[in-house]
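The following explanation is intended to be read alongside the sequence and the coordinates. Please keep both in view while reading.

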Amino acid sequence: MAAPLTLLLLVAVTVRAALFRSSLSELISERVEVVSPLTAWKRVIEGLALLDLGVSPYSGDVFHETPLTIYLFHFLVDYAEVTFMLADVITAVALYMAVKDYNKQVFRKQKFALEADRYPLDCLELIRSPKEMYYIPLKVAMFYLLNPFTILSCVAKSTCGLNNAIIALFILSTIKGNVLLSAIFLSLATYQSIYPLTLCAPALLYLMQRQYIPVNFRRASFWWFIVQYAFMYLGSLFVIICLSFFLLGSWDYLPSVYGFILSVPDLTPNIGLFWYFFAEMFEHFRLFFLCVFQINVFFYTIPLSIKLKEHPVFLIFMQLAVISIFKSYPTVGDISLYMAFLPVWSHLHRFLRNIFLVSCVLLACSALFPVLWHLWIYAGSANSNFYYAITLLFNVAQILLVSDYFYAFLRREHHLTYGLYLKRKDGSEATLVLK
Amino acid sequence: MGLLSDPNRRRALISLLTRLNTPICIVCYMAGVAWFMGLAFEPFTLRTYMSENAMGSTMVEERFPAGERALATGREFSAHKKRTGGMPVEWLMKTMQAKGLEVFTQRFSRTLPFPDENKERYMVRGTNVYGILRAPRAPRTEALVLSAPCSPGDNNNQAVGLLLGLAEYFRNQIYWAKDIIFLVNEHDLIGMQAWLEGYHHTNTTGMDWSPLQGRGGSIQAALSLELSSDIITSLDLVLEGLNGQLPNLDLANLFYAFCQKIGVLCTIQGKLQRNDWDSVSGYSHAVQTMMLMVMKQASGRPWGDHGLFLRYHIEAATIKGVNSFRQYKTDATTIGRLLEGMYRKLNNLLERLHQSYFFYLMPSLSHFVSIGYYMPAFGLLAVILLLRALDLWVQLSTPPQRTEDGSSPGVLSLLTPLVISHLTGVALYMLPIRFQEMAVEHFPVSETEAVVLTAIAVYTLLSPGTEQGWRVLKLVAVLYLAVLLGCTALINFSLGFILALTLVPVAAFVTPHVPKVLSAFILVILSPACTLLFSVFFFQELQEMPISFQDGWLLFLSVISQGILDHSLYGSLVYPLITLLVYPCWLLFWNILFWN
């Protein structure tokens, strides 16, 4: 399996290198769909310039990266292209290894269940074979590396690629069962963009599952594990934050990075839901809706964790999708991360209902973004409503996609316990209806 | 959401859509065409009305007296033009300075990628002269432009004369709140392009021009004037700009309102308005007017010197004086008064024209069809593609249970036709200009195309493909076409609609199992190139200037070379769109037809 992966990496790097050299890279790095005020490379350059002048990079209202990022690029600014390509490669390899490991566990669990005769007899066609699972890790890497969204994001040098790499490393260390590394990478990811905080729920569930700790509020071992993880997480977060403080010598970065993410002062159009809504709103209601919108991102953790407590890796996928849809400055790079997981759930395809509709809408919207942007900004004949309509449609399609996968996953689990061909009480064939 | 989540109703809907797919598609096509033809029917259209407050309610009085003197200036200009054999820069500068304007010139030069046979030019070198009348009443942050092209021969002398006459008259008025720039541009659009790029400090097409020495505020609106005789019978309004962009409808409304007020006959697409909309001839007149607009818009080229202003968010139109054999005559004084009135209203603007529509079609000058009314016509055609895609999807997702072996076509068998057809597109995009550099005569597009088509047909006939394979390829091609046409129709409705009209039937019926020779013939007839050929004849027919096949063919070739020139000179998008995207997409369907 190493040879195809190497080939894939080579292809991916070649495509990126070619695009970096072409005149397109300038154009791409200006697109609002690809870079947000948080991740734009132009702003990193500005921050670096301020840093070199001995001024705090946060003194203007331009730079919103974390201090560690700017110190990273302080040394690597000449090798920025290589760094971003490397970040993508790391993400892909980490996901590849994580999914490979995960598939092994899934298969082992399935074997135990089969030996224990836990599945109903008519469910044999739902059982996954090693043959079809063999190429899934490679497909995951391919979905990430050759996804046009990832390529655009990398060519635009959006720092989103770095965040993705950290999250991928977090997933890898969690799936490998390394509690300390998992906590460290989670705190790094939180430090970078706050929202990955919600990933602590699936990480905890997974690690406990792995160590055979029951998820039960009355058990001391459960609480003891949570305290351990929280200690490691908060400890490393504390270290990172203090490190940033000592590097910079001031707390400027806290309001400028986290305040910026949470209070959404920059309403530049992007593919998210915030900008139009807050641009239209009376200032009076701003705080209230800000809270509503931000709680929205975090809130889904609770119901999803309860429903999916046996399947933490699927929960990770759901959480990543929820974050990338509802976060305040989403870019296509965020989307590409959760889309990389789609091949892992390829066995759900027979239960997906709207996949055709959703993929058509996603495709059409991706093409319409630049067209409507052109009509609004350059031609001046359309207006922001046109662009927001497409944003809305794009997000609705994403939500449909995620909820479709969620439904399909639950349905497969249901069939695995109750049999594939359900009967009503009177013996006729029953259908499952989601209401 | 009930429909999406209830499996029984979903199944019923999908089975209905797949069972009745062909009839629904045919009905949609008919409905789309019928809807489009219905747009020109007057009761279905809206009357134009002025949306902009600043121009609507205020009264202005037109007093321009000096039409005769303007014509005399025009004659003087003509004499100097003849003497210098081009733009009489010295004389123009002196005259403009005498009228009290700040006068500047701009030199530019441009080498065309290949000689333009219509206008007989290759190495273009010229000078723009412009004078700025500074606004006495307000800070000089905004400007209006009045331009007249300095054309070769005896054309447009009266326009320049009137421009100078208006400059002199405007100079003595005190109410101007915006700078007014009087521009005489040489070599029509090339000069205009140089001036606009100079004014906005951009250089998108690699032209050489000297920087502007004097500038006004940001330009709010512009009119371009074309007059070739002392007395005219009607004024024609030209709206279509680069890439099918149109100015705000309020500009057309303004022109129409003043024509009504002053009593000048006004036309659009050279067609006078008729009142008998309920008769057959009246309706067909409206259809002709609208179709002319659709054809002009679809061509994506600027149909007057105003066309390039639109790119910079400047609302602009060209006003053309027409001298035909009508009884009704209008003199230069009246046209001067009309322009004076329009500029005084534009002078009142508080913000850019934005209240009214940007997407519209005009079946007559007093009626328009807005985007909400014409988009369903396109939507009905696009739905066909989606229905076919749904049908293919259902076909693809059901059989795998029966035939397990070879059901999934390799990625390679899908990728190869996609890559090949796009490479052909790239070749078609690059070759004409390369060929033109080597050979002076017309590039052999049709021969190349024939070779490509046979090559692809042979290739696909030789290589084995599965039943599933062509379905997947067709699904991809149909969705590709749907997205492509949708985007095109948003930017340039007319182009999108004409392409949909011809390509949608192709996309809907092509399979490897239809009779090959007949379908290949139909496919060629409905290809983008043939669509262009038909459009050329149709356009001539609409303009009531039918031509023979021989002339039509020559015109067709010159239209192609014009398209390439427009692309390289002004950045028109139609040529790259057709060659790089539409043509490869059509090739995919050709590929499906010859799937083995």
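The paragraphs below treat chain A and then chain B.

This is a predicted model, in which local features need pLDDT of at least 70 and side-chain atom pairs count only at pLDDT 80 or more, while totals for chains, interfaces and linings use all residues. Residues are numbered from 1 along each chain as its sequence is written, chains are lettered from A and ligands numbered from 1 in the order in which they are written, and side-chain values use heavy atoms, with hydrogens and water left out.

In chain A, helix α3 (residues 41–52) packs against helix α4 (residues 67–76) at an angle of about 80°, with the axes 10 Å apart. Helices (H or I, at least four residues) and strands (E, at least two) are DSSP runs, numbered from the N terminus. Axes are lines fitted to C-alpha atoms, for helices over the stretch in contact, and angles run from 0 to 180 degrees between N-to-C directions. The angle makes α3(A) roughly perpendicular to α4(A); 65 to 115 degrees counts as roughly perpendicular, under 35 as roughly parallel, over 145 as roughly antiparallel and the rest as oblique. The helix α3(A) side of the contact consists of W41(A), V44(A), G47(A), L48(A), L51(A) and D52(A), and the α4(A) side of I70(A), Y71(A), F73(A) and H74(A), where contact means heavy atoms within 4.5 Å. By class, the contact of α3(A) with α4(A) has seven nonpolar, two polar and one charged residues. Here Ala, Val, Leu, Ile, Met, Phe, Trp, Tyr, Cys and Pro count as nonpolar, Asp, Glu, Lys and Arg as charged, and the others, Gly among them, as polar.

Further along chain A, L188(A) lies in helix α10 (residues 179–193). Leaving aside neighbours within four places in sequence, L188(A) is in contact with L68(A), I166(A) and I240(A).

A second helix pair in chain A joins α11 (residues 200–210) and α17 (residues 312–326), which pack at an angle of about 170° with their axes 8 Å apart. The two helices are therefore roughly antiparallel to each other. Helix α11(A) contributes P202(A), L205(A), Y206(A) and Q209(A) to the contact, and α17(A) contributes P312(A), V313(A), L315(A), I316(A) and Q319(A). Seven nonpolar, two polar and no charged residues make up the contact of α11(A) with α17(A).

An unreviewed UniProt entry annotates several stretches of chain A as "transmembrane region", including residues 285–306 and 351–373; such annotations may be inferred rather than shown by experiment, and positions are given in the numbering used here, with feature names shortened. In the model, residues 285–306 of chain A are 91% helix and 0% strand, with end C-alpha atoms 32 Å apart. Residues 351–373 of chain A are 83% helix and 0% strand, and their end C-alpha atoms are 36 Å apart.

Chain B is assigned domain 1 (69–269 + 302–350) and domain 2 (411–594), with bounds from an automatic or database domain assignment. The C-alpha centres of these domains of chain B lie 38 Å apart, and each domain gives 18 residues to the contact. About 1,600 Å² is buried between them, 62% of it from carbon and sulfur atoms; buried area is the accessible area (1.4 Å probe) that two parts lose on being put together, summed over both. P113(B), F114(B) and N243(B) supply 42% of the area that domain 1 of chain B buries against domain 2, more than any other three residues.

Finally, the axes of helix α17 (residues 516–525) and helix α20 (residues 574–593) of chain B come within 11 Å and cross at roughly 175°. These helices, α17(B) and α20(B), are therefore roughly antiparallel to each other.
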